[in-house]
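Trainee: I have the model open and would like to go through it with you. Where should we begin?

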Amino acid sequence: MKKVIILLILITFCVSLTACYDAREVDDLAYVIAIGLDKGKNSSLKITFQIAIPKNLGGGGDGSQGGGSQGGKSSAFENITIEAPAINPSFDMVNAFVGRDLLLSHTKAVIVSEELAKEGILHLVREMIRNREFRRKMTFVVSRTTAEEYIRSINPALEINPAKYYDLHYNSGRYTGTSPYLTLLNMYNRMMSADRQPAAILASVNKSGLESNKSTAENKNRNTPFEADFYSGDIPKKSSLPAEIMGTAVFDGSKFVGELDGESTYHYLLGCNEYGRAVWTFNDPLHSNQKINLTVIKNRDTQVRVKILNGIPNINVSIDLEGDIISIHSGENYEDPEKLKVLENYVNQHIKNGFINTFNILSKKYKSDIYGFGRSAKVLFPTWKSWENFNWEKRFSQSNMNVKVNFHIRRGGLIIKSHPAVSSEGKE
Amino acid sequence: MQVFLNLPMQFVQIGGTAAWLAAVYTAILSFIVFFIVSQLFKRFPNKDIYEIGKETAGKAGQIIIGIVLAGYSLFAISIILREFSEDLKTIVMPLSPLSLLATFFIISAVISVNLGLETLLRVSAVFVPIITVGYFIIIFGVSPYYDFTRIMPILGSGLTDILGQGFPRISLYTAILILYLLAPFLKTYDNFKKVGYWTLGLSNFFIITSVLAFTIVIPYPTSSETYLPIYALSRLIHVGRFFDRVESVFMPIWVLAAAIYLSIAFFVVCYSIMKGFDLPSMKPLIIPVAIIAFTLSFISQSIFETFKSEVIFRTWGMIPGFGLPILLLLIAIIRKKGSPQSKSPPA
């Protein structure tokens with residue numbers, strides 16, 4: 001009899017412990033890949049959901065791509081836009097016409113429009129942080145256009161799986177250096193932080209075309225733009241991929257306050273030690289109308305020391321980089337150690353000037369320490385209260401910058417000496 | 001187990017960026033207090049706290065000790081049971097009724113206490129290493145997020161707050177009162193001392209490392225509002241794009257830790273009543289105590305009320321946990337009970 005009772009208890013446990021109350025079958029769910037947040041017209045928010053269509057993600061031979069149904073081809077995802085009072089209630093609204101329960105556990109990105117971000121978004125970020133379904137690691141993006149337009153323009157040509165597209169695309173900053181990588185949790189932490197302000201990937205939809213002349217080159221006294229002299233959406237191009245990222249969205253607290261272009265993003269990433277590598281263009285120091293391309297790689301972590309003199313922060317930054325020569329348009333033999341020094345000194349000064357320029361934009365114009373220099377400053381304070389009383393966010397705008405760049409060219413690819421071309425008129 | 005609940009966050013609320021310092025301070029206090037408490041068991045080798053109570057304060061002392069320890073442990077069970085059931089509901093099973101989740105914990109406690117202390121300790125011996133491995137995976141898994149500038153300013157909310165508010169946190173170590181019950185089974189005072197210091201040492205290691213890991217991963221002040229800190233850390237773990245959402249793997253570990261903790265506390269309640277009132281067996285007490293604990297856990301209207309009760313439990317728990325044996329020691333000294341130099345016979 002005892003055995004029968006034990007057996008009955010075990011059977012009861014087996015059935016009840018399978019969590020049937022909470023069962024959500026994989027087949028019954030709609031997987032949201034990205035969420036876009038805009039200001040609503042009739043409601044507080046306009047929310048765009050990009051929902052995966054799993055049966056089209058299998059990589060079959062029909063050449064299916066994302067971006068909604070195009071030319072009769074089956075799409076890998078569906079875009080839905082609705083107006084709602086807040087993020088969480090919008091799920092139920094979507095379920096009024098989507099047959100499957102929305103699942104946010106696989107959401108890769110949240111995109112917020114600049115227009116909405118300007119008003120302050122702590123309440124929206126907190127709403128997502130509070131909900132256990134949202135991944136705190138999802139990428140946070142600010143769109144110069146509406147988030148809806150940006151999401152609808154996404155058409156991952158090289159990826160069948162849009163989730164993989166988001167992963168790879170938003171991580172490209174580690175080898176382009178022109179966009180940061182920040183997650184929802186980073187944003188939340190920094191919004192309430194007294195030592196670092198939030199920043200985000202700057203995204204947009206490119207409508208300019210190949211003839212676009214929107215660049216930041218003019219502000220830098222350049223005749224022609226370099227590769228990172230753009231904000232997102234301004235890259236001169238002809239492509240079926242209109243969605244792009246370049247630059248950084250700068251926040252002060254929970255409010256969006258401004259943008260950095262691609263080149264300033266190099267400097268921002270160098271300052272906060274998140275720079276990996278990128279290909280830079282420089283003017284040739286010996287031939288002013290010619291260009292030189294170098295891969296600039298982080299050699300050592302950036303060192304930051306802050307001293308406070310008479311209440312004014314003096315920030316000392318030491319940047320250690322190395323470079324590989326990619327191309328020398330003039331044909332000058334910079335592989336010669338003597339000439340190499342000339343080039344190194346020029347690049348050194350160029351990076352230093354650019355860094356100070358970006359620092360001035362962030363400290364004087366935007367008044368936002370997105371670098372996190374405050375983390376080095378707070379070491380000087382014994383208690384949190386004394387640190388808060390110092391009011392770093394305000395003092396940052398009065399701070400002085402001393403930057404030391406240590407740059408050395410190490411390699412020159414597969415060529416170790418540059419010879420000029422020889423024509424009928426002699427050496428060019 | 002307390003590490004898996006909100007303990008790291010509570011230290012952050014005391015010390016701010018210096019939460020780890022508050023944890024170290026409390027750890028030092030715990031050793032000092034245990035040293036004082038161990039003097040009682042030195043005077044009364046091979047006796048548990050109820051027998052000591054009887055010898056120093058008579059039958060009334062024995063009954064009071066039984067009631068205090070049973071009452072305190074019952075209070076602890078009701079809070080921990082509610083809290084962990086709420087945690088499960090929040091993070092894993094949001095649709096399941098709270099009572100269903102609490103029922104599973106209480107049933108596991110009933111079964112284990114029914115099977116006896118030896119079974120309980122053997123089960124702990126099997127699962128504690130597994131729980132420990134899981135804990136280390138979380139702590140090392142979040143190492144890419146370590147940023148030691150997050151423990152700056154070094155004194156956090158200030159020495160006054162750390163020293164003042166940190167003192168009642170020795171209540172965290174009141175689980176050591178299980179040793180007061182086990183003293184006769186440990187045979188000698190040296191064993192009692194050794195087990196006590198080792199227990200405190202290991203507990204302190206887990207408390208300090210969890211608080212430190214939490215504060216260098218989640219920056220202050222966000223860390224002071226983060227519910228279930230260790231769970232929050234585990235959600236950050238990922239290796240490439242293929243190894244993600246590992247927190248679900250840790251759920252069984254947390255459930256096991258909670259079940260073991262509740263079972264031991266449940267045992268303390270039943271054993272204290274039995275010993276306090278000189279009952280021949282504690283088996284008839286198990287079901288009634290289970291029903292009372294289950295009912296008490298549902299008195300709080302919300303998780304926020306439970307947190308408030310937890311603060312009381314964590315602040316005043318030192319009175320039954322450490323105050324009571326120290327009081328007995330004082331009575332014993334005044335009434336010249338026990339032998340200050342007594343050496344227990346070899347095991």
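Mentor: Start where the chains meet: D147(B) and R375(A) form a salt bridge, with their closest N and O atoms 2.9 Å apart; the term means a side-chain nitrogen of Lys or Arg within 4 Å of a carboxyl oxygen of Asp or Glu. Keep in mind that this is a predicted model, in which local features need pLDDT of at least 70 and side-chain atom pairs count only at pLDDT 80 or more, while totals for chains, interfaces and linings use all residues. Residues are numbered from 1 along each chain as its sequence is written, chains are lettered from A and ligands numbered from 1 in the order in which they are written, and side-chain values use heavy atoms, with hydrogens and water left out.

Trainee: How many salt bridges does the rule find across the interface of chain A and chain B?

Mentor: The rule finds one there, whereas the structure holds 24 over all chains.

Trainee: And how much area do chain A and chain B bury between them?

Mentor: About 2,900 Å², 59% of it on carbon and sulfur atoms, where buried area is the accessible area (1.4 Å probe) that two parts lose on being put together, summed over both. In terms of contact (heavy atoms within 4.5 Å), 29 residues of chain A meet 37 residues of chain B.

Trainee: Changing topic, which residue does K59(B) pair with in a salt bridge?

Mentor: K59(B) pairs with D278(B), the closest N and O atoms being 2.5 Å apart. The two lie 219 residues apart, K59(B) in helix α3 (residues 49-91) of chain B and D278(B) in the loop between α10 (247-276) and α11 (283-297) of chain B; helices here are DSSP runs (H or I, at least four residues), as strands are (E, at least two), numbered from the N terminus.

Trainee: Is K59(B) buried or exposed?

Mentor: K59(B) is partly exposed, at 39% relative accessible area, and D278(B) is also partly exposed, at 45%. Buried means under 20% relative accessible area, exposed over 50%, and partly exposed in between (1.4 Å probe, protein chains only).

Trainee: Why is helix α1 of chain B largely enclosed by the rest of the structure?

Mentor: Eight of the nine residues of that helix (residues 7-15) are buried, so the rest of the structure largely encloses it. Its buried residues, including F11(B) and I14(B), pack against α2 (19-43), α6 (159-166), α8 (189-217), α9 (229-234) and α12 (303-316) of chain B.

Trainee: What comes just after α1(B)?

Mentor: G16(B), which takes a positive phi of about 60°.
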